[in-house]
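Here are my notes on the model, set out as numbered points for you to check against the coordinates.

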Amino acid sequence: MTGVGFLGDAVKITKVANATAAGTSAINSSVVDMQGYDGCLFLTTAGAITAGGVQSLKVQQDEAVGMGAAADLAGTNITVADDDNNQSFWLDVKRPRERYLRLVISRATQNSVWGEIYAIQYRGRSLPVSNNVTDTITGEKHESPAEGAA
């Protein structure tokens, strides 16, 4: 099938950070280049959070890929409670004012573990998008599959 008949044809899915072990240092995702896309949804999952831990998520932007002057985006802060173990969190930014974005997970006071971080870019100007990246992310599309052995 050609075109964008599947969601996977219309969004770009990128793993922007591997899972992290217990710790209290901040986690910065890889930089997401927004050229050619209107928005980006970041998705991650908290693992074990030690009681008393202080965690939050936010999105930063910059005009430079190195994020040397990264600035927090107003209103993007999500506070994560110390009993939010194994919950998923997402932040969605539509039409950022600068070209590059990243997700930042702040961790303090006590250890917390975090899963992978994914960036899902949408409303791309060049479709369809290929989301299969060797040794990183792999998937398939199936239209109206019959019942039977998978």
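1. In this predicted model, a search of the whole structure finds 1 aromatic pair. The ring centres of Phe89 and Trp114 lie 6.1 Å apart and their planes meet at 55°, so the pair counts as tilted, given that planes under 30 degrees apart would be stacked and those over 60 edge-to-face.

2. The pair links distant parts of the chain, since Phe89 belongs to strand 9 (residues 88–94) and Trp114 to strand 11 (residues 112–122), with the two positions 25 residues apart in sequence. Phe89 and Trp114 are both buried.

3. Trp114 also appears in the largest nonpolar core, which has 24 residues, and there it is among the members that touch the most others, together with Phe42, Leu57, Val59, Leu101, Leu103 and Ile117. At least two residues of this core come from each of strand 1 (11–17), strand 5 (39–49), strand 6 (54–62), strand 9, strand 10 (100–108) and strand 11, and the largest share, 4 residues, is supplied by strand 5.

4. Arg102, which is found in strand 10, deserves a separate look. Its side chain has no salt bridge although the residue is buried, and the nearest side chain of opposite charge, that of Asp72, is 7.3 Å away, whereas a salt bridge requires the charged atoms to be within 4 Å.

5. What joins the side chains of Arg102 and Gln60? A polar contact of 2.8 Å does so. Leaving aside residues up to four places away in sequence, Arg102 touches Asn28, Ser29, Ser30, Phe42, Lys58, Val59, Gln60, Met67 and Ala70; of these, Phe42 and Val59 are also among the core residues that touch the most other members.

Conventions
Residues numbered from 1 in each chain as written. Predicted model: local features only at pLDDT ≥ 70, side-chain atom pairs only at ≥ 80, totals over all residues. Heavy atoms only, no water. Phe/Tyr/Trp six-rings, centres within 6.5 Å; stacked < 30°, edge-to-face > 60°. Buried < 20%, exposed > 50% of the residue type's maximum accessible area, 1.4 Å probe, protein only. Core = buried A, V, L, I, M, F, W, Y, C linked by side-chain atoms within 4.5 Å. Lys, Arg positive; Asp, Glu negative; His and termini not counted. Polar contact = N/O pair within 3.5 Å; in protein donor to acceptor, adjacent residues only side chain to side chain. Contact = heavy atoms within 4.5 Å.
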